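Got the structure open in your viewer? Let's take a walk through it, one selection at a time.

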Amino acid sequence: MQPALVKEYILKLPFIPEIIEVATENNVNVYVVGGFLRDMIIFYRSKNEIDFAVEGNAIVFVETLSKKLGSSVDGVVQYPRFQTARILLKYNDDAWELNFATTRKESYPPDSRKPEVTPATITEDLHRRDFTINAIAMPLVPPTPLIIDPFNGIGDILKGIIRTPADPLNTFSEDPLRILRAFRFVSQLSFKLDESAFTAILKTKDRLKIVSMERIADEINKILLTEKPSKAFLLMEKTSILTMY
């Protein structure tokens with residue numbers, strides 16, 4: 001779907017006017033990012049969960065927004081360490097999950113997947129994301145460009161390529177669970193893994209040892225629920241990751 005049509009659809013969602021109102025009143029830039037935006041562009045029906053990036057304090061933004069949304073709010077959860085917050089909404093029988101995160105840069109300790117975060121611009125935030133197909137942002141507050149795509153994520157969507165915006169060795173070394181996420185997207189979207197990403201996975205796969213078995217199992221379960229899980233398992237076999245467990 002063309003970005004203009006995606007934005008037209010998003011602007012019609014019942015909670016978007018309040019988000020724009022809070023952003024405008026507080027002079028804060030807010031962007032739709034992540035899987036919902038990606039899936040709309042490729043005509044893949046996403047669940048009712050949207051990620052937003054806030055160039056400001058996301059927790060303060062959510063506190064203000066939840067008051068504005070009033071009785072439709074079914075719950076609010078905050079994660080201060082990661083500067084993120086979640087709003088659960090209900091409109092009659094329709095439930096939504098809205099995730100807000102402060103735009104940030106991340107640095108990872110060698111033995112952990114839990115990053116230290118610092119505030120950043122939207123472009124810097126997109127650069128630290130896992131794959132270019134997820135490193136796309138759609139601004140909600142005018143005057144703004146229709147879409148921000150510094151790493152040609154839309155081009156990779158059209159080509160069906162899984163590629164990292166940053167050096168793939170760093171991407172997979174810092175957060176090795178992204179290896180399994182890459183395999184999942186291959187199965188879920190019927191995309192192909194970029195050669196440089198595959199090479200980096202071969203060099204960093206041992207880093208998966210720092211990931212808890214619970215997180216590994218969760219990602220495997222998500223793979224099993226995709227349309228063609230065999231594609232991911234073939235990649236796990238090809239990279240010898242299956243023999244690690």
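What follows is a short tour of the rings and the nonpolar cores in this predicted model.

Start with the aromatic rings: a search of the whole structure turns up 6 aromatic pairs. Select Phe-61 and Phe-100. Their ring centres are 5.7 Å apart and the planes meet at 40°, so this pair counts as tilted. Now colour helix 4 (residues 58–69), where Phe-61 lies, and strand 5 (residues 94–102), home of Phe-100; the pair therefore ties together parts that are 39 residues apart in sequence. Are these two buried or exposed? Phe-61 is buried, at 4% relative accessible area, and Phe-100 is buried too, at 1%.

Next, pick Phe-15, Phe-36 and Trp-96, which ring pairs link into a cluster.

Phe-15 also leads us to the largest nonpolar core, with 64 residues. Phe-15, Ile-19, Phe-52 and Phe-100 have the most contacts inside that core. Highlight helix 8 (residues 177–189) as well: its 8 residues are the largest share of this core.

Now zoom in on Phe-52. What does Phe-52 touch, leaving out residues up to four places away in sequence? Its contacts include Phe-15, Ile-19, Val-32, Leu-98, Phe-100 and Leu-140. Apart from the largest core lies another one, of 9 residues, among them Tyr-31, Ala-53, Ile-122 and Ala-137.

Last stop: charges over rings. Select Arg-184 and Phe-185 to see the charged end of Arg-184 over the ring, 5.1 Å from its centre. Then try Lys-238, which lies over the face of Phe-198, 5.3 Å from the ring centre.

Technical notes: Residues numbered from 1 in each chain as written. Predicted model: local features only at pLDDT ≥ 70, side-chain atom pairs only at ≥ 80, totals over all residues. Heavy atoms only, no water. Phe/Tyr/Trp six-rings, centres within 6.5 Å; stacked < 30°, edge-to-face > 60°. Helix = DSSP H or I, 4+ residues; strand = E, 2+ residues; numbered from the N terminus. Buried < 20%, exposed > 50% of the residue type's maximum accessible area, 1.4 Å probe, protein only. Lys NZ or Arg CZ within 6 Å of the ring centre and 35° of its normal. Core = buried A, V, L, I, M, F, W, Y, C linked by side-chain atoms within 4.5 Å. Contact = heavy atoms within 4.5 Å.
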